[in-house]
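Colleague: Before I rely on any label in this model, I would like to hear the reasoning behind each one. Could you show me the structure and then take my questions in turn?

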Amino acid sequence: MIRLENVSKRLGKFQLENLTFEIPEGYICGLVGLNGAGKTTLLHLILGLYYPQEGRVEIDGSLYENTEKEIHDEIGTVLTEELFDPGLTLMENAEEYGRYYSRFSRVKMEEYLSRFGLQPKQRFGRLSKGQKLKAQFAFALSHDPKLLILDEPTANFDPQFREQFLEVLTEFMEDGKRSVILATHLTEDLDRLADYLIYLENGKQIFAGDIESFREGYRIVSGESYKIRLLPPDRILHLEEKPYGAKALVKHGRQNHYDKELQINYPTIEEFMYFYSKRYGKSH
């Protein structure tokens, strides 16, 4: 579905460097990283809002340079930017922008607005931030895209709607031919849903691959500090010591062995980000 090959993009002093990965059809991809890591820049490259200075971006085997209109027809977006006209109603906005999509359905838009607790005649500018994102989500679904690109939508949803949002994403993926890229700070959602993970740090690709490879590649090791330190130093990415015990993120392989008194767990995405981002200050 999405393929990046040696992609770099400079924006002032910031640079996204040498990104190479493929997101298969039928996958939910979690895009994570600390603020300023380059997540939004990457999404804009995938959306064709930016062109790379180096490398190539393919969407479903096509390049923006050749088939921009056809590619955009297949993508639904929910971005942090407010794309709708604040003076128009939700349905007026949908009909205005729906003209650019070959499969836009007024009926689907109305169905999703009703499902999300919104009224077609509400003016977009009078909605709360969460309601605006719901309206954009309804529109993104209303034109039957093959790819959904979602930039931090869940941060402004109430807990009840977050569950509904995840339920709708699951429905969207049912036929196995659609894909989702979800950039979010709420990594517990990705622990539940993601098939694929991209982790960026300071414009660099730290990890890009299926979630099983991610989970097999790392472990959280807890216990007495000196027993963790007996592991090969090049495997310990960051060791955090506290009065009641120590915890470390370590590289894991099939031949790795651990002291039987250490506790070994798969890292959550949040734990991985926390420990990996601190590795330069590691205490061993």
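**Reasons behind the labels**

Modeller: In this model, which is predicted, strand β3 is joined by four bridges to strand β8 (residues 179–183), and the two run parallel. Within that pairing, Leu31 has Ala183 of β8 as its bridge partner.

Colleague: What makes β3 and β9 a pair?

Modeller: Two strands pair if there are at least two bridges between them, and four bridges join β3 to strand β9 (residues 196–201), which run parallel, so the requirement is met. The bridge partner of Leu31 in β9 is Ile198.

Colleague: Why is β3 called mostly covered?

Modeller: Buried means under 20% relative accessible area, and five of the five residues of strand β3 (residues 28–32) are buried. Ile28, Gly30 and Val32 point one way from the strand, while Cys29 and Leu31 point the other way, and all are buried. In a regular strand the side chains alternate between the two faces of the sheet.

Colleague: How do you know that α5 has the span expected of a helix?

Modeller: The 14 residues of α5 should span 20 Å at 1.5 Å a residue, and because its end C-alpha atoms are 20 Å apart, the two values agree. Just after this helix, Asp144 takes a positive phi of about 55°.

Colleague: What makes α5 mostly covered, and what covers its buried residues?

Modeller: Of the 14 residues of α5, 12 are buried, among them Lys132, Lys134, Phe137, Ala140 and Leu141. The elements covering the buried residues of α5 include β6 (75–78), α3 (90–98), α4 (106–115), β7 (147–151) and α6 (159–172).

Colleague: What makes a group of residues a nonpolar core, and which residues have the most contacts inside the largest one?

Modeller: The set must consist of buried residues of nonpolar kinds, joined through side-chain atoms within 4.5 Å. The largest nonpolar core has 51 residues, and those with the most contacts inside it are Phe137, Leu148, Leu150, Phe165, Leu169 and Val180. Helix α5 (residues 129–142) supplies the largest share of this core, seven residues. Apart from this core lies another, of 29 residues, which includes Leu16, Leu19, Leu47 and Leu147. In soluble globular proteins, nonpolar side chains tend to be buried together.

Colleague: Which residues does Leu148 contact, if its neighbours within four places in sequence are left aside?

Modeller: With those neighbours left aside, Leu148 is in contact with Gly76, Phe137, Ala140, Leu141, Leu169, Phe172, Ser179, Val180 and Ile181.

Colleague: Why is Asn18 called partly exposed, rather than buried or exposed?

Modeller: Its relative accessible area is 46%, and since buried means under 20% and exposed over 50%, with partly exposed in between, Asn18 is therefore partly exposed. Asn18 lies in strand β2 (residues 14–23) and, not counting residues up to four places away in sequence, touches Asn6, Val7 and Ser8.

Colleague: Why does Asp191 count as partly exposed?

Modeller: Asp191 has a relative accessibility of 26%, and because partly exposed covers what lies between under 20% and over 50%, the label applies to Asp191. Asp191 lies in helix α7 (residues 187–193), and its contacts, leaving aside neighbours within four places in sequence, are with Arg215, Thr268 and Ile269. The C-alpha atoms of Asp191 and Ile269 are separated by 6.7 Å, although these residues are 78 residues apart along the chain.

Colleague: What makes β12 and β14 the edge strands of their sheet?

Modeller: The open sheet of four strands has the order β12-β13-β11-β14, with antiparallel pairing, and the edge strands are β12 (236–242) and β14 (263–265), each of which pairs on one side only. The twist averages 15° from one strand to the next. Inside this sheet, six bridges join strand β11 (residues 218–223) to strand β13 (residues 245–251), which run antiparallel, and Ile220 stands opposite Leu249 in β13. Helix α10 (residues 269–277) lies across β11, β12 and β13, running at about 95° to β13.

Colleague: How many helices and strands does the protein have, and what part of it is buried?

Modeller: The secondary structure comes to 10 helices and 14 strands, and buried residues make up 49% of the 284 residues.

Note on methods:
Residues numbered from 1 in each chain as written. Predicted model: local features only at pLDDT ≥ 70, side-chain atom pairs only at ≥ 80, totals over all residues. Heavy atoms only, no water. Buried < 20%, exposed > 50% of the residue type's maximum accessible area, 1.4 Å probe, protein only. Contact = heavy atoms within 4.5 Å. Axes fitted to C-alpha atoms, helices over the stretch in contact; angles between N-to-C directions. Expected span 1.5 Å × (residues − 1).
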